[in-house]
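Dear colleague,

I am handing over the structure below, and after it you will find an account of what came out of the analysis. Please read the two side by side.

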Amino acid sequence: MERRELGRSGTVVSRVALGCGNFGGVGSAPAFFGQGTPRDEAFRIMDAASDLGITTFDTADAYGGGLSESWIGEWLASKDAAVRDTIAIETKTFNPMDAGQDHGLSRTRVLRQLGTSLQRLGVERFALYTPHDFDPDVPQEETIRAFDELVRSGKVGAIGASNFTADQLAEAVEISELEGLARYEWVQSSFSLLDQHEAKTVFPVCHEHGLGFEAFSPLAGGWLTGKYRRNEAFPAGSRMTQRPESYLRFADERVYDALEALAREAGERGVSMAGLALAWLLATPDVTVVVVGPTRTEHLDPVREALELTPSPAERDSLGALFA
């Protein structure tokens, strides 16, 4: 597994990160807390990911209402120091911990949530800490100063941003530079063959400031695995039957045409659609990390395929053009 520095954070991360948003729930949605991947399977997934060379685990305080962080903490505690010391935890805060509870990025809340995350994970510091979304109700400077406090205290190694637009990210970096504060060293955004918008907006900001980029939802909620087919009902228990809002736009004839073309390309290479889609991401120079979110251990098989593939620049461009 190749490793790279994440922006200028000083932290070296595996090119593939384990997304733990399905542990004990489906992301941060209170309606699904207690569901999702059960504890025993989550432990098997973490074991398999570690064996594969994945040393970066991505979570958030609200994933599973706290279960994701708690289970990662239990898994870490069960390992010897040689394993624990290889794992870089990235956690995030913004969403409410349960229905009706507070959310956001005020200084008070950020400091409070960092403390509870440390407790659940049983660690003294995080290598990587991130706002899970942009907060329009709190000035960016207040949030950045809170994160700066955490970096200066040694509780956090470096900070990044998640789900920020290009303008929000550029403003944040400018504030940090003007005020002499810790800056966001990377951005985590949705990016895949089916969702290439950030290449035109966020990538230029990353280039200008030397920021890393983490791609989440690399398989577009399962659309790039081939599970969703033209004129067929969505499979029971799939993302399209649980939290479909972000992916409904893909249900059109042009997308189905592109998916069928991707299936042919994958078949010619003897790999799965998912493996080829992940290989395309790993071959994209602007992508530092690909965050995968398996719900079963076998969902890591496409990662193994992707690590064996090296699309040429021409192949990369050709695959990308299928969905342009």
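**Two positive phi values after E9**

Ala220 is buried, since its relative accessible area is 2%. The model is a predicted one, and that should be kept in mind for this residue as for the others below. Ala220 sits in the loop that connects E9 and H8, and although Ala220 is not a glycine, its phi is positive, at about 50 degrees. Ser217 belongs to the loop between strand E9 (212-216) and helix H8 (239-242) as well, and Ser217, again a residue other than glycine, has a positive phi near 55 degrees. With a relative accessibility of 15%, Ser217 also counts as buried. For context, most residues other than glycine have a negative phi.

**The barrel**

The strand that leads into this loop is itself largely enclosed by the rest of the structure, because four of the five residues of E9 are buried. Strand E8 (residues 184-190) runs parallel to E9 and is joined to E9 by five bridges, with Val187 standing opposite Phe213 of E9.

These two strands are part of a closed barrel of eight strands, which runs E3-E4-E5-E6-E7-E8-E9-E10 with parallel pairing. From one strand to the next, the twist averages 30 degrees. Elsewhere in the barrel, strand E5 (residues 88-93) and strand E6 (residues 126-131) run parallel and are joined by four bridges, and Lys92 stands opposite Thr130 in E6.

Lys92 appears again among the contacts of Asp58, a residue of strand E4 (residues 56-58). Asp58 counts as buried, at 3% relative accessibility, and once residues up to four places away in sequence are set aside, Asp58 touches Leu18, Gly19, Cys20, Tyr63, Glu90, Lys92, Gln188 and Val291. One of these partners, Cys20, counts as buried at 0% relative accessibility. Cys206 is buried too, at 7% relative accessibility, and the count of disulfides in the model comes to zero.

**The nonpolar cores**

The largest nonpolar core holds 87 residues, of which Phe57, Trp223 and Leu224 touch the most other members. Helix H10 gives the most to this core, contributing nine residues. A second core, separate from the largest one, has ten residues, including Val13, Ala88, Leu128 and Ala158.

As for the surroundings of Leu224, when neighbours within four places in sequence are left aside, Leu224 is in contact with Ser192, Leu193, Leu194, Pro218, Leu219, Leu259, Leu262, Met273, Ala274, Ala277 and Phe323.

**Helix H11**

Which residues of helix H11 (residues 301-308) are buried? They are Pro302, Val303 and Ala306, and, seen down the axis of H11, the buried residues fall within an arc of 105 degrees, so they line one face of the helix. This can be set beside the general geometry: an α-helix has 3.6 residues a turn, so residues three or four places apart point the same way. The cover over the buried residues of H11 includes strand E3 (16-19), helix H1 (39-52), helix H10 (273-282) and strand E10 (289-292). H11 is thus covered in part by two strands of the barrel, E3 and E10, and in part by H10, the helix that gives the most to the largest nonpolar core.

With best regards

Key
Residues are numbered from 1 along each chain as its sequence is written. This is a predicted model: local features need pLDDT of at least 70, side-chain atom pairs count only at pLDDT 80 or more; totals for chains, interfaces and linings use all residues. Side-chain values use heavy atoms; hydrogens and water are left out. Two strands pair if DSSP finds at least two bridges between them. Axes are lines fitted to C-alpha atoms, for helices over the stretch in contact, and angles run from 0 to 180 degrees between N-to-C directions. Buried means under 20% relative accessible area, exposed over 50%, partly exposed in between (1.4 Å probe, protein chains only). The arc is that of the directions from the helix axis to the C-beta atoms. Contact means heavy atoms within 4.5 Å. A nonpolar core is a set of buried Ala, Val, Leu, Ile, Met, Phe, Trp, Tyr and Cys residues joined through side-chain atoms within 4.5 Å. A disulfide is a pair of cysteine sulfur atoms within 2.5 Å.
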